[in-house]
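Dear colleague,

Please find below the structure that I am handing over to you. I would be grateful if you read the notes underneath with the structure open beside them.

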Amino acid sequence: MESVLTCFDAIALIEDEELYRAAIQHFDEGLFYTASVEFRQSMWKDWYERRAACVQSWPENGEVWRNYHSPSEEVQITVRVKQPEDFGMFIRFYLEGEAYSGMFIGGEGRAKVNLPAGEYIMKAGTGNTWYGGRKMFGKDGYYETFTFDEDGTETYELQTGYSYLLTIYVNQADGKSSVGSVEETWENVRE
């Protein structure tokens with residue numbers, strides 16, 4: 001029996017190839033999660049190997065991103081995370097509504113960052129598949145905004161001349177942390 005390629009099959013192949021090419025472009029731009037999703041959807045050529053290459057090695061514990069257009073640093077904050085070794089946490093610090101700094105902590109560890117004094121919102125993502133600082137753990141991660149009192153206040157003022165320690169315990173079953181928090185969407189935590 002002869003195989004017949006229908007018009008619909010030809011259109012699907014063209015769309016798969018276009019999606020594959022878009023995935024390559026997103027990979028080259030460092031948008032590893034987006035590329036991973038597109039490679040899987042395309043199922044074109046070597047999509048499986050390319051999708052696997054989208055998963056990135058964890059960075060060293062510490063600051064991995066900073067807004068260098070912001071004021072000088074005056075306050076030190078140490079974040080200590082107690083979590084399973086195959087989990088990582090990415091914390092993004094927002095100063096006056098703008099993302100200022102991002103830190104990564106893999107497994108059970110700690111990291112320090114110097115920040116300017118001011119009122120902060122702290123958002124975090126937790127997961128075990130890392131796609132880089134822009135996309136963090138993708139849509140499969142758990143994301144939250146930390147709260148700092150019984151009223152659920154999401155801002156915390158870091159004052160000049162003080163050092164701060166934040167200790168977080170992560171639940172292995174769901175990735176949620178022990179600090180007060182509200183669940184957040186991935187879209188509201190990523191850049």
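The notes below go from the whole protein to its individual elements.

Please bear in mind that this is a predicted model. The protein contains 4 helices and 10 strands. Read from the N terminus, the order of the elements is α-α-α-β-β-β-β-β-β-β-β-β-β-α. Of the 191 residues in the protein, 42% are buried. Among contacts with a separation of 6 or more, 68% are between residues 24 or more positions apart. The exposed area of the protein is about 10800 Å², and 47% of it is supplied by carbon and sulfur atoms.

Let us turn to the helix H2. This helix covers residues 32–42 and is mostly covered, with 9 of its 11 residues buried. The buried residues in H2 include Phe32, Tyr33 and Phe39, as well as Glu38 and Ser42. Just after H2 comes Met43, which has a positive phi of about 50 degrees.

Next, the strands around E4. Why can strand E4 be called largely enclosed by the rest of the structure? Buried here means under 20% relative accessible area. Strand E4 spans residues 98–106, and 7 of its 9 residues are buried, so the rest of the structure largely encloses this strand.

Strand E4 has pairing partners that can be followed residue by residue. Strand E1, residues 62–66, runs antiparallel to E4 and is joined to it by 4 bridges. Here Gly62 is found opposite Phe104 in E4. Strand E3, residues 88–95, also pairs with E4 in the antiparallel sense, over 8 bridges. In that pair, Tyr94 lies opposite Ala99 in E4. The hairpin of E3 and E4 has 2 residues between the strands, and Glu96 in this hairpin takes a positive phi near 50 degrees.

Finally, there is an open sheet to examine. This sheet is formed by 3 strands in the order E5-E2-E9, with mixed pairing. Which strands lie at its edges? The edge strands are E5 (109–115) and E9 (163–169), each of which pairs on one side only. From one strand to the next, the twist averages 20 degrees. Strand E2, residues 75–82, pairs with E5 over 7 bridges in the antiparallel sense. Within this pair, Gln76 is opposite Asn114 in E5.

I suggest that you begin your own reading with strand E4 and its bridges to E1 and E3, and then proceed to the sheet of E5, E2 and E9.

Yours sincerely,
A colleague

Methods: Residues numbered from 1 in each chain as written. Predicted model: local features only at pLDDT ≥ 70, side-chain atom pairs only at ≥ 80, totals over all residues. Heavy atoms only, no water. Pairing = 2+ DSSP bridges. Axes fitted to C-alpha atoms, helices over the stretch in contact; angles between N-to-C directions. Buried < 20%, exposed > 50% of the residue type's maximum accessible area, 1.4 Å probe, protein only. Contact = heavy atoms within 4.5 Å. Areas by Shrake-Rupley, 256 points an atom, 1.4 Å probe, with all protein chains shown as cover.
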